[in-house]
Amino acid sequence: MEYVTALPHPRSEPARVRAGRRSLGVALLCGALGAAVALLASRQRWSEATASVAGGDFPLTAKGSEVTGVPAALAIVGLAALVAVFAVRRAGRVLVAALLALSGAGTVATAVLGASDSSALDEKAAQASGDTSATVDALSHTAWPYAAAVGGVLILLAGLIALRYGTLWPAMSGRYERDGTPRPRKAKPVDPDRPEDLWKALDRGEDPTGA
């Protein structure tokens with residue numbers, strides 16, 4: 001009489017695999033959303049003030065890109081690093097993940113500093129009044145610099161997740177040839193002591209017993 005050993009269902013996958021999938025989804029969401037928020041915030045009005053000119057006060061406004069272009073630039077670098085994480089392995093992945101985290105940290109720092117910067121408005125006041133030493137009055141700032149900082153926090157979080165769980169993520173470089181065509185996969189030998197290998201062999205229509 002033959003005895004058939006019940007195999008665990010493939011849904012009972014190892015905890016490392018589940019952690020890798022969850023962390024991958026969270027990192028992609030945080031990185032993409034953070035870059036989008038930082039880029040959008042950089043195009044909005046960050047500060048406003050008035051300048052004293054002949055005939056009265058002249059209102060002035062400055063967009064984030066006029067105050068500082070660094071947050072937007074770092075957001076683009078972070079987005080590129082997020083994509084590049086999947087094109088490298090091992091030490092390269094760690095370096096790219098670190099670049100991703102640093103891009104987020106830099107976005108936060110420059111956005112917060114830009115929230116109190118009046119140099120862009122002072123320059124506009126000098127142009128409007130014709131006085132190079134002119135400064136602005138009634139200076140106020142919007143919430144958009146802090147929105148850009150929130151975007152940077154999300155990029156930073158994506159980088160930290162990549163540093164912690166990046167070794168569990170798949171890579172593109174091993175699956176495709178240089179010309180972009182898929183590289184044929186070689187079937188791995190079936191280990192009878194690993195139930196997940198037996199299930200994969202059955203899914204491919206193979207006999208896991210090798211008979």
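How many aromatic pairs does the count come to? In this predicted model, the count comes to one aromatic pair. The partners are Phe 86 and Trp 169, whose ring centres sit 5.9 Å apart with the planes at 20°, and since planes under 30 degrees apart count as stacked, this pair is stacked. Phe 86 comes from the loop between α3 and α4, while Trp 169 comes from the loop between α6 and α7 (195–203), so the pair ties together parts that are 83 residues apart in sequence. As for exposure, Phe 86 has a relative accessible area of 13%, which makes it buried. Trp 169 is buried too, with a value of 6%.

Trp 169 also turns up in the largest nonpolar core, a set of 18 residues, where it ranks with Ala 75, Leu 100 and Ile 155 among those with the most contacts inside the core. Four helices each supply at least two residues of this core: α1 (15–42), α3 (70–84), α4 (90–114) and α6 (144–165). Of these, α1 gives the most, with five residues.

Leu 100 offers a closer look at the packing. Setting aside its neighbours within four places in sequence, Leu 100 is in contact with Gly 78, Ala 81 and Leu 82, and also with Ile 155, Ala 158 and Gly 159. Apart from the largest core lies another one, made of 14 residues, including Ala 49, Leu 60, Ala 120 and Ala 148.

One more ring is worth a mention. Tyr 165 has Arg 164 lying over its face, at 4.6 Å from the ring centre.

Conventions
Residues numbered from 1 in each chain as written. Predicted model: local features only at pLDDT ≥ 70, side-chain atom pairs only at ≥ 80, totals over all residues. Heavy atoms only, no water. Core = buried A, V, L, I, M, F, W, Y, C linked by side-chain atoms within 4.5 Å. Buried < 20%, exposed > 50% of the residue type's maximum accessible area, 1.4 Å probe, protein only. Contact = heavy atoms within 4.5 Å. Phe/Tyr/Trp six-rings, centres within 6.5 Å; stacked < 30°, edge-to-face > 60°. Lys NZ or Arg CZ within 6 Å of the ring centre and 35° of its normal.
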